[in-house]
Amino acid sequence: MVKELTIFESLFKSNKWIWLFGWLFHMGMLLVLLRHLRYFTDPVWWWVQLIQPFGKYASILMLVGLAGLLARRIVVDRVRYISAPSDYLMLLLIIGIGATGVLMTFVTNADIITLKDYLLGLMVFDIRTLPTDPILLVHLFMVIVLMAIFPISKLLHAPGVFFSPTRNQVDNPRERRHVAAWAIKLESSE
Amino acid sequence: MAKVEFATPELKEYPIIPKLQKDAMAHSSPFVAKEQFQTPLGYPGELVENWKEVAIKRMGELTEKYRSLQVFLDSCVKCGACTDKCHYYLGTTDPKNMPVARQDLFRKVYRRYYTLAGKLVPKLVGAEDLTEEVLDDWYTYFHQCSQCRRCSVYCPYGIDTAEISMAAREVMDSIGKGQKYCNEIIGKAQTLGNNLGLPEPALADTLEGLEEDVEDETGVAVKFPLDVKGADILLITPSADFFAEPHIDGLIGYAKVFHEAGASWTLSSYASEAANFGMFIGSYENMRTLALRIRQAALDLGVKRIVFGECGHAWRVAYSFLNTLAGPFDFLDPNYPVPQHICEYTHDLIQKNVIKFDKSENDHMTLTYHDSCNVARASRMGDEPGGQFTIPRDIIKATCNNFYDMPEHAIKEGTYCCGGGGGLLTDDLIELRVKGALPRMEALKHVTENNGVTHMAAICAICKSQFSKIFPYYDFSLDQVVSVHQLVSNAIVLTQEDSGDTDESKESDDVEAA
């Protein structure tokens, strides 16, 4: 299970291209998200401080991974066959978030100080001034859309992986009886 | 059904992922079960009038019952990792035989009726109403899945198509659209005790004939006991072992091993079947009815241990579910796992030097080994993870001089199904069976050409029947598949004069075996 989560073991066995792009995207995103903690903490935790430069460049790798995944979905006939519109939209949405983020990091700097003040305010239920850079607003809007669809979309695979019986069950059926509640009823009805 | 003409796929030097050909296998579906095979299993005799409602309701019941099913339906991200992993896709090129596409036939209906996004924006998320076309697709393509679980190995979430195809079959059974082959067989096993419908006298006769044959050939009176009360070991083996080739040579092998170990053992005429087709149709109730026969036989005969013969899905049911379905087995000897596989039993005797082999008896063959899907990916042998791979190979290597494995992607956890598993071993699906065997045939051809392999050993009744049927399509000969215990039978050195009760001392050395 740990290997599944950290190095995507099954995917590696399966297909090196999906693995490469998928892993770049997910690990890039992890670093980027951790980096973002600095906007929510005051004072900023030392390790968040430490990963700032890594998080910045990880965003590029994340975009490379996403672009690769999107390209596969369009180019490989098998993957194209199984894709629904939502599969493309989801990728585009995350690419949008990533791209606007990269823009603000490397091209035009947004008013981070006001933003941080606003976010820290939110955490104590106090609405303060939100900076009005258009790119930042687009970035934030797409994040909100993402958060809104998270619980009803395939993005739920994130917690879902922990519940997969093929990965989390203990191999001991000869030593232990595993009888489901509904199956016990079957036995006692005799 | 009219006989379908089809071309056997060409064997390539190395595996190639084929391009999609829509509806390439849309014409292939098995005979539908008539009323006489449906009602004994508790299913309606024909398609019920309000089948849509019933099907959708049953779907909901199953996702509530099986956490696995719901997780598998919910967590797919359509990454495409599984798309080239199914032997039926590789052999037929039909896109609906890609595991994810097969799942989606069921998933799109689940989404439509049981998820918020599917209820609100079905088109956007690929959700679809249950229609007659969808039902036809279900019947066609959920009978093109052998439930071998190869795709689940490569899925980042471990999504198991087998589980979904079992659920789909259960839904179809519950609306009156069952498959003849499986349901007829389950009916026979539930009334007569085995899939072939062999009654006790016929079985007794067969076993007697075997005793004579073996004594003629070896000069040793190896016994094939039936319904012996008070025997130590109850052997449960697939009924194909009683008459089919090469299965029967495996059965002779088990008998010789028991003989040489001086073990007291018996077959049962009440539970004369290891196979449990209840699993193929995803029916816990039918699976349980069959499993309870084994418990009953063990109680009636007063045995101390249960050992299973060579059968793939039977070992899955035995290893993974028997204790759950028909346990607890607290009336058996606690020193042994319940149940044990015949390979575990033989392997153990080899380790203890109780049985010896003359490997040269198998020198006319160069062997490879076909990991049966259910043994490889849905069960285990021995105490260590991976025992299901090492134990049969150890036995083969102990009994013959020439052994080579097929390429790594085609063995062990990556093994390809024979093409006939999961309740598809029927002549009305012969095209599917031939095409589905393609990846295994390519791997076999590889070792045939590179290592001079002449025979392939297997430990599954379905695999053995399937290969002896489809080998000729690929220019192999049908006798090139052998039972693992056939190799044991050929090479074992018989030192014990009489069978059974005379030599108890040897068996007692074996008590710690596990």
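A residue is called buried here if 20 or more other C-beta atoms lie within 10 Å of its own. With that cut-off in hand, I should like to begin with helix α21 of chain B. The residues of α21(B) that count as buried are Ala461(B), Ile462(B), Cys463(B), Lys464(B), Ser465(B), Gln466(B), Phe467(B), Lys469(B) and Ile470(B). Please bear in mind throughout that what you see is a predicted model.

Helix α21(B) spans residues 461–470, and because nine of its 10 residues are buried, this helix is largely enclosed by the rest of the structure. What covers those buried residues? The covering elements include the helices α13 (247–261), α15 and α19 (430–436), together with the strands β6 and β7, of chain B.

Those two strands lead us to the sheet they belong to. In chain B, β5, β6 and β7 form an open sheet of three strands in that order, with parallel pairing. Its edge strands are β5 (367–369) and β7 (481–483), each of which pairs on one side only. On average, and ignoring direction, neighbouring strands of this sheet are turned by 40° against each other.

Let us look at β6(B) in detail. Strand β6(B) covers residues 455–458 and pairs with β5(B) in the parallel sense over three bridges. Within that pairing, Thr368(B) has Met456(B) as its bridge partner, and Tyr369(B) has Ala457(B). Towards β7(B), β6(B) is joined by three bridges, and these two strands also run parallel. Here Met456(B) has Val481(B) of β7(B) as its bridge partner. Met456(B) thus appears as a bridge partner of Thr368(B) and of Val481(B).

Which way do the residues of β6(B) point? His455(B) and Ala457(B) point one way, Met456(B) and Ala458(B) the other way, and all are buried. This agrees with a general rule: in a regular strand the side chains alternate between the two faces of the sheet.

I turn now to a second sheet in chain B. Four strands form this open sheet, in the order β2-β1-β3-β4, and the pairing is parallel. At its edges are β2 (265–267) and β4 (340–341), each pairing on one side only.

Strand β1(B), residues 233–236, sends Ile233(B) and Leu235(B) one way and Leu234(B) and Ile236(B) the other, and all are buried. It is paired with β2(B) in the parallel sense over three bridges, and Leu234(B) has Thr266(B) as its bridge partner in β2(B). Elsewhere in the sheet, two bridges join β3(B), residues 305–308, to β4(B), and these strands run parallel. There, Val307(B) stands opposite Gln340(B).

One residue beside this sheet deserves a moment. Pro225(B) is found in the loop between α12 (200–218) and β1 of chain B. Is Pro225(B) buried or partly exposed? It has 18 C-beta neighbours inside 10 Å, and therefore counts as partly exposed. Leaving aside neighbours within four places in sequence, its contacts are Ala231(B), Trp265(B), Thr266(B) and Leu267(B). Pro225(B) and Leu267(B) are 42 residues apart along the chain, yet their C-alpha atoms are separated by 6.1 Å.

Next, the contact between the chains. How many residues does each chain bring? Chain B contributes 46 residues and chain A 41 residues. On the side of chain B that touches chain A, at least two residues come from each of α3 (67–75), α5 (99–114), α6 (116–120), α7 (122–125), α9 (150–154) and α15 (312–326). By class, that side has 25 nonpolar, 12 polar and nine charged residues. Helix α15(B) is therefore a name to remember, because it is also listed among the elements covering the buried residues of α21(B), the helix that is largely enclosed.

Finally, chain A offers a helix of another kind of interest. Helix α9(A), residues 134–149, has 16 residues and reaches 23 Å from its first C-alpha to its last, close to the 22 Å expected at 1.5 Å a residue. Among its residues, Leu136(A), His139(A) and Met142(A) are buried. These three cover an arc of only 130° around the axis, which means that they lie on the same side of α9(A). The buried residues pack against α7 (85–106) and α8 (112–123) of chain A. On the face turned away from the buried side are the exposed residues Pro134(A), Ile144(A) and Ala148(A).

Notes:
Residues are numbered from 1 along each chain as its sequence is written. Chains are lettered from A and ligands numbered from 1 in the order in which they are written. This is a predicted model: local features need pLDDT of at least 70, side-chain atom pairs count only at pLDDT 80 or more; totals for chains, interfaces and linings use all residues. Two strands pair if DSSP finds at least two bridges between them. Axes are lines fitted to C-alpha atoms, for helices over the stretch in contact, and angles run from 0 to 180 degrees between N-to-C directions. Two residues are in contact if their C-beta atoms, placed from the backbone, lie within 7 Å. Ala, Val, Leu, Ile, Met, Phe, Trp, Tyr, Cys and Pro count as nonpolar, Asp, Glu, Lys and Arg as charged, and the others, Gly among them, as polar. The expected span of a helix is 1.5 Å times one less than its number of residues. A residue is buried if 20 or more other C-beta atoms lie within 10 Å of its own, exposed if 12 or fewer, and partly exposed in between; C-beta atoms are placed from the backbone. The arc is that of the directions from the helix axis to the C-beta atoms.
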